[in-house]
Amino acid sequence: MSSMITGTGSYIPEEIQPNAVFLENEFYDEERLPLKDNNELIIEKFKSITGIEERRYLSSDLNNSDIAYIAAQRAIKKAGIDPESIDQIILAHNFGNLVGNSKQSDMLPSIASKVKHLLGIVNPNCVAYDIVFGCPGWIQGMIQADQFIKTGMASRCLVIGSETLSRIIDPHDRDSMIYADGAGACILEKGMEAGKGIISYASQTFTFEESNYIFFGASNKNGTDDDTHYLKMHGRKIYEFALNNVPSAMKLALDKSGIPIDKVKKILIHQANEKMDEAIIKRFYRLFKKGIPDGIMPMSINKLGNSSVATVPTLLDLILDGNLDQHHIDEGDAIILASVGAGMNINALVYQY
């Protein structure tokens, strides 16, 4: 028995936010002191490190559950299935429905339940629930769905990653330029082709010293919304943590699969920071004493920014639909999906087409 991806879908918001929109922002550091550099230089440095030129924000008339539904609907259509036949709806997010700029989260009922309602699914045996696992949430949902299928508890699962980070960012924190909105989804089904589908995975949680690397905190500017907390992170600590731990988790997943490193055709890694992702891939191949193959790591962060749980499924959907230049996945290709984020959590999954 295997777990096969039979359809993917994504929702990329239409509202483009280029780096230039931040030129008028007042940026402060963690000590609430104004940054010394002017905004032109701050943005230039930001782009050189993250690779981000622009990002997508959700329009005010849509919520997280709406775009999760759209991505799910597209995955269902590509899979050619009856939604009533879905056994599990697993939805990864971190902040629920954030209405407009209210910063108030609505997580009841679950976002997955909202999506099931929007899909018009009547079947009560279709179980819908959310998981909060930081940016690796969608991959973790895939791991859970795989186990449901392989234990016989499900035959068909809908796994969604959807987030609206633009609604929880501090405009006075330069890290706010990283974040974006979006949704990605896939249908995972029971298959009988040996050596195909999800082959292996690794999943880890580090909390002894790392649990607060990403957190909620007050604005960097004094006197600004004193009762409102925003998405915050210790960027340098996360960068070092990722470099030291993600490559080994990826190696663990690949070693479990039995697939040689030379057979891996693509590595889809969470779109958090271009320089960080490049360093992770470099260290990963160094573990095998190998050079990095050309075109191994597709990137979408330059145009889409970091949409948390949505980056990996959106990237996969773009490639499978032929919408990412010079990148394709063919029959027989082995790929690795990997992510790191709040928790701190890490996971990696090996899939064979």
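The largest pocket of this predicted model is lined by 48 residues, of which D175, I178, M233, H234 and G235 lie nearest its centre. A pocket here is an open set of points on a 1 Å grid over the protein atoms alone, where a 1.4 Å probe fits and protein stands on both sides within 12 Å along at least five of seven lines, and a lining residue has an atom within 4 Å of a point. The volume of the largest pocket is about 1,200 Å³, where a volume is the space filled by probe spheres set on the points, which are joined across faces, edges and corners. Two or more residues of the lining come from each of helix 1 (39–50), strand 11 (214–217), strand 12 (230–233), helix 5 and strand 14, and helix 1 gives the largest share, five residues. Helices (H or I, at least four residues) and strands (E, at least two) are DSSP runs, numbered from the N terminus.

Because the model is predicted, local features need pLDDT of at least 70 and side-chain atom pairs count only at pLDDT 80 or more, whereas totals for chains, interfaces and linings use all residues. Residues are numbered from 1 along each chain as its sequence is written, and side-chain values use heavy atoms, with hydrogens and water left out.

Strand 14 also belongs to an open sheet of four strands, whose order is 10-15-14-13 and whose pairing is mixed; two strands pair if DSSP finds at least two bridges between them. Strand 10 (197–205) and strand 13 (264–269) stand at the edges with a single partner strand each, so one side of each has no neighbour in the sheet. On average, neighbouring strands of this sheet are turned by 15° against each other, direction ignored. Strand 14 (residues 334–341) and strand 15 (residues 345–352) run antiparallel and are joined by eight bridges, and L337 has L349 in strand 15 as its bridge partner.

Helix 5 (residues 235–257) lies across strand 10, strand 13, strand 14 and strand 15, and runs at about 145° to strand 10. Helix 6 (residues 274–287) packs on the sheet too, touching strand 13 and strand 14, and its direction makes about 140° with that of strand 13. Contact means heavy atoms within 4.5 Å, and the angles run from 0 to 180 degrees between N-to-C directions of axes, which are lines fitted to C-alpha atoms, for helices over the stretch in contact.

Helix 4 (residues 137–150) has 14 residues that should span 20 Å at 1.5 Å a residue, and its end C-alpha atoms are indeed 20 Å apart; the expected span is 1.5 Å times one less than the number of residues. Of these 14 residues, 11 are buried, among them W138, I139 and F148. Buried means under 20% relative accessible area, exposed over 50%, and partly exposed in between, with a 1.4 Å probe and protein chains only.

Most residues other than glycine have a negative phi, and most peptide bonds are trans. R32, in the loop between strand 2 (15–18) and helix 1, has a positive phi of about 65° and is partly exposed at 28% relative accessibility. K289, in the loop between helix 6 and helix 7 (301–304), has a positive phi near 55° and is exposed, with a relative accessible area of 78%. The peptide bond from L108 to P109 is cis, with omega near 0°, and another cis peptide bond, with omega about -10°, joins G343 and M344, of which M344 is found in the loop between strand 14 and strand 15.
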